[in-house]
Amino acid sequence: MSGPVDALVLDLLEWIGPQPRPYVEVMEAWRTSCPRLPVWEDANQHRFVVRKYEAAQGEVMVSVTAAGAQHLQAHRPTHALSV
């Protein structure tokens, strides 16, 4: 992976961080900031993020997967996540 979308995928992983974020919040932030770039799609294709319904919160949450954390560690070691 290299290029502008790849850098934005890393930004997405950093932004989500180690704790899940509501799906609605993720979509609002990333679709409006990158409407013509497939950042969300690429992150999903590479299995760097996962969506999961959390009954406790009553909504769908987005988390960085172990593969996403490893990818972030490999490319931005100072921003590594613990997942």
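Is aspartate 11 buried, partly exposed or exposed? At 30% relative accessibility, aspartate 11 counts as partly exposed. The model on display is a predicted one, and this residue is the first stop of the tour.

**Aspartate 11 and its partners.** Select aspartate 11 together with arginine 76: the two form a salt bridge whose closest N and O atoms are 2.6 Å apart. Aspartate 11 belongs to helix 1, whereas arginine 76 lies in the segment after helix 4 (66-75), 65 residues away along the chain. Next, add glutamate 14, which also forms a salt bridge with arginine 76, at 3.2 Å between the closest N and O atoms. Because glutamate 14 is in helix 1 and arginine 76 in the segment after helix 4, this pair ties together parts that are 62 residues apart in sequence. Asp11, Glu14 and Arg76 are thus displayed as a linked network of salt bridges.

**The sheet.** Proceed to the open sheet of three strands, whose order is 1-3-2 with antiparallel pairing. Strand 1 (21-22) and strand 2 are the edge strands, each pairing on one side only. Select residues 49-54 and 59-64: these are strand 2 and strand 3, joined by six bridges. Here tyrosine 53 stands opposite valine 60. In the hairpin of these strands, glycine 58 takes a positive phi near 70 degrees.

**Arginine 21.** Now select arginine 21, whose bridge partner in strand 3 is valine 62. The side chain of arginine 21 also meets that of glutamate 25 in a salt bridge (2.6 Å, N to O).

**Helix 1 over the sheet.** Finally, select residues 4-16: helix 1 lies across strand 1, strand 2 and strand 3, running at about 115 degrees to strand 3.

Note on methods. Residues are numbered from 1 along each chain as its sequence is written. This is a predicted model: local features need pLDDT of at least 70, side-chain atom pairs count only at pLDDT 80 or more; totals for chains, interfaces and linings use all residues. Side-chain values use heavy atoms; hydrogens and water are left out. Two strands pair if DSSP finds at least two bridges between them. Helices (H or I, at least four residues) and strands (E, at least two) are DSSP runs, numbered from the N terminus. Contact means heavy atoms within 4.5 Å. Axes are lines fitted to C-alpha atoms, for helices over the stretch in contact, and angles run from 0 to 180 degrees between N-to-C directions. A salt bridge is a side-chain nitrogen of Lys or Arg within 4 Å of a carboxyl oxygen of Asp or Glu. Buried means under 20% relative accessible area, exposed over 50%, partly exposed in between (1.4 Å probe, protein chains only).
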